[in-house]
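Subject: Handing over the structure, with notes

Hello,

Here is the structure I promised to pass on to you. My notes follow below it, starting with the cavities and then moving to the disulfides.

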Amino acid sequence: DACGHTVLSPESGTLASINYPQTSPNSTVCEWEIRVKPGQRVQLKFGDFDIDDSDSCHSSYLRVHNGIGPTRTEIGKYCGFDFQMDGLITSKGNEVTVQFMSGTHTSGRGFLAAYSTTDKSDLITCLENASHFSEPEFNKYCPAGCVIPFADISGTIPHGYRDSSSLCMAGVHAGVVSNTLGGQINVVISKGIPYYEGSLANNVTSKVGPLSTSLFTFKTSGCYGTLGMESGVIPDSHITASSILEWSDQTEQVNIWKPENARLKRVGPPWAAFISDEHQWLQIDLNKEKRITGIITTGSTLAEYYYYVSAYRILYSDDAQKWTVYREPGMDKDKVFQGNTELYQEVRNNFIPPIIARFFRINPLKWHQKIAMKVELLGCQFSIGRAPKITMPPPPPQNKNEDKNDDFVHSVKTSLQTDKTTFTPEIKNTTMTPSVTKDVALAAVLVPVLVMIFTTLILILVCAWHWRNRKKKSEGTYDLPYWDRAGWWKGMKQFLPTKSAEHEETPVRYSSSEISHLRPREVPTMLQTESAEYAQPLVGGIVSALHQRSTFKPEEGKEASYADLDPYNSPIQEVYHAYAEPLPITGPEYATPIIMDMSSHPSTPLGVPSISTFKAAGNQPPPLVGTYNKLLSRTDSTSSAQALYDTPKGQPGPGAADEMVYQVPQSVA
């Protein structure tokens with residue numbers, strides 16, 4: 001009558017004194033017989049030990065024996081307040097007896113211990129939490145039976161659990177280990193968060209928790225993705241049920257709560273059975289074999305219809321003909337899963353080991369008012385060779401099942417936990433927590449390298465742009481680019497506006513007979529002459545032909561065209577180029593001055609402004625056509641004192657202001 005929380009499995013288990021962590025009653029006794037597989041030995045570890053030792057372990061004590069029954073031999077006898085048991089107690093065989101005697105005492109919590117086979121060297125008890133370990137990542141073995149009423153956890157997956165939570169109990173809640181089997185956990189410690197959510201999963205209620213300095217998560221296989229109920233990957237035709245609730249409301253509207261309504265998070269009514277009994281089921285066809293690791297359920301999610309399923313069984317099949325009821329390994333009873341405690345709450349249950357099947361059935365055993373639910377399956381693809389399929393024993397005959405249902409449901413009513421908790425967070429395929437230390441180290445190397453590379457590229461681009469600008473500035477303002485001095489103008493002419501069809505272009509011709517009048521040595525001197533006051537560029541942006549009254553004389557035998565309009569009276573906006581037309585490649589380096597013989601040309605009417613290279617009489621400065629017309633303002637150096645201009649035709653002297661036509665200056669030898 002002194003036995004407290006006890007779970008014994010073939011490989012591990014947990015045992016505690018009655019009322020732990022409160023004081024056990026006087027004059028009570030309990031004895032546990034532990035057996036593991038033959039050939040293995042048992043190791044015992046105490047998580048807490050507080051037994052009254054006022055009479056030197058005479059009336060209150062804990063005794064451990066090798067073996068079971070009359071042939072057992074004592075390993076040790078222990079008592080004491082806050083007694084620290086160093087190391088593990090190891091048996092010589094595969095059987096151990098633990099005896100607890102509680103005599104007359106006034107204080108003492110009793111004890112809590114865990115056991116496993118000796119191959120589990122990293123065994124911990126159900127009382128260990130993350131704050132007991134300093135490593136950022138570690139592996140431990142949790143014994144069976146760590147869902148204990150006197151331990152608390154806060155948090156959920158995938159966000160993590162508060163560091164004060166029991167490691168093994170959180171592992172059961174996360175679906176990493178089974179409460180009836182125990183198992184290995186891989187824990188990762190990281191920075192805490194301000195708020196921890198609560199949820200109900202695997203018959204463990206996680207509470208809401210406040211800010212903490214650190215939290216922990218579990219590394220898993222990652223096979224926790226949704227299998228298609230919510231997303232619609234599973235078609236409506238693959239969701240069937242034993243019966244469908246159909247009814248008319250007060251407005252004579254027919255409501256049908258079909259099986260395809262049983263999709264988690266879908267707005268609207270759920271699936272509901274027409275008859276509420278233990279023979280109803282909801283079936284899902286996954287189209288091919290999948291590895292099913294968990295299930296999430298809710299109630300009706302409609303406030304006016306407070307329906308939900310509070311307990312259910314799981315069946316699975318490969319052909320939808322022969323069905324197997326899910327049982328945990330080593331157990332001879334069907335596994336009963338904790339369902340919902342209200343209509344909105346999402347409750348998760350995991351399958352350890354996972355189910356490998358195509359067809360999946362949910363068989364409700366307990367419900368509130370009516371059988372109604374929405375579900376989602378968790379898991380991943382299954383390929384042959386990844387893991388062997390676990391075969392379960394066939395279900396008993398139908399008549400025996402019906403006979404057992406009454407007792408079975410009655411046991412469910414008394415054993416299932418129905419604590420009301422907040423919603424369960426969404427489960428995605430992200431439960432595998434990456435290695436924090438490796439990611440941090442990788443980021444610490446990659447980020448500076450990338451920053452240096454981008455900075456170097458930017459500096460190279462800036463230097464190239466700056467060098468190019470300096471090189472452009474170093475060239476002359478009016479000089480041509482060095483790469484194509486002779487052909488630059490020819491390449492640019494194709495981008496200049498073309499003349500209209502009615503104005504034909506007349507090419508500029510140079511008379512070789514007139515060029516020969518000047519000596520070659522006079523050319524550089526004449527080019528240095530100061531520009532005329534009203535000179536205009538020799539070549540304009542759109543003036544590419546010989547215009548009316550040009551200073552250039554066409555070759556003899558070809559009549560120049562004077563149809564082009566005066567560029568200064570043209571309404572077209574002129575675009576002047578900074579450079580004169582380049583010389584022919586075969587010509588001399590400098591242009592040769594041209595002397596026009598205007599005697600053969602007809603006189604210009606008075607109403608048209610002259611474009612002559614000679615200065616007009618009076619104050620009117622006639623416009624000039626080219627920057628090199630200044631060359632005609634000089635003769636050779638021997639006649640510098642001679643007048644440069646002749647008097648106009650038909651005028652008595654140079655003072656006549658109304659005559660605008662002049663004769664050509666006298667020829668120079």
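A cavity, in these notes, is a set of grid points where a 1.4 Å probe fits but cannot get out, and its volume is the space filled by probe spheres set on those points. Please keep in mind that this is a predicted model.

With that in place, the cavities come first. There are 4 cavities of 30 Å³ or more in the structure, and the largest of them has a volume of about 60 Å³. Its lining is made up of Ser-24, Asp-50, Ile-51, Asp-52, Ser-60, Phe-100, Ser-102, His-105, Ser-107, Gly-108 and Gly-110. Sorted by character, the lining of the largest cavity has 7 polar residues, 2 charged and 2 nonpolar. Glycine is counted among the polar ones here.

Next, the disulfides. The count is 5, taking a pair of cysteine sulfur atoms within 2.5 Å as a disulfide. If the bonded cysteines of the protein chain are numbered in sequence order, they pair up as 1-2, 3-4, 5-7, 6-8 and 9-10. Three of these links are described below.

How far apart are the sulfur atoms of Cys-3 and Cys-30? They sit 1.6 Å from each other, and the two residues form a disulfide. The torsion about this S-S bond is about 95 degrees, so the link between Cys-3 and Cys-30 is right-handed. Cys-3 belongs to strand E1 (residues 3-8) and Cys-30 to strand E3 (residues 28-35), so the bond ties together parts that are 27 residues apart in sequence. The two ends have their own surroundings: Cys-3 is partly exposed, at 39% relative accessible area, while Cys-30 is buried, at 3%.

The disulfide of Cys-57 and Cys-79 also has its sulfur atoms 1.6 Å apart. The S-S torsion is -80 degrees here, and the link of Cys-57 and Cys-79 is left-handed. Both ends are in loops: Cys-57 lies between strand E4 (42-50) and strand E5 (61-66), and Cys-79 between strand E6 (73-78) and strand E7 (89-90), so this pair joins parts 22 residues apart in sequence. Cys-57 counts as buried at 14% relative accessibility, and Cys-79 counts as buried at 13%.

For Cys-126 and Cys-146, the sulfur atoms of the disulfide are 2.0 Å apart. This link is left-handed, with -85 degrees about the S-S bond. Cys-126 is found in the loop between strand E9 (110-117) and strand E10 (137-142), and Cys-146 in the loop between E10 and strand E11 (155-156), so the pair ties together parts that are 20 residues apart in sequence. Are these cysteines buried or exposed? Cys-126 is buried, with 1% relative accessibility, and Cys-146 is buried as well, with 1%.

One more cysteine is worth a line. Cys-463 is exposed, with a relative accessible area of 52%, because the cut-off for exposed is over 50%.

Last, a residue from another part of the chain. Gln-321 is placed in the loop between strand E23 (308-317) and strand E24 (324-325). Its relative accessible area is 62%, so Gln-321 is exposed. From C-alpha to C-alpha, Gln-321 and Phe-359 are 9.6 Å apart in space, with their positions 38 residues apart in sequence.

Do write back with any questions once you have had a look.

Best wishes

How values were computed: Residues numbered from 1 in each chain as written. Predicted model: local features only at pLDDT ≥ 70, side-chain atom pairs only at ≥ 80, totals over all residues. Heavy atoms only, no water. Helix = DSSP H or I, 4+ residues; strand = E, 2+ residues; numbered from the N terminus. Buried < 20%, exposed > 50% of the residue type's maximum accessible area, 1.4 Å probe, protein only. 1 Å grid on protein atoms, 1.4 Å probe; cavity = no way out; pocket = protein on both sides within 12 Å on 5 of 7 lines; lining within 4 Å.
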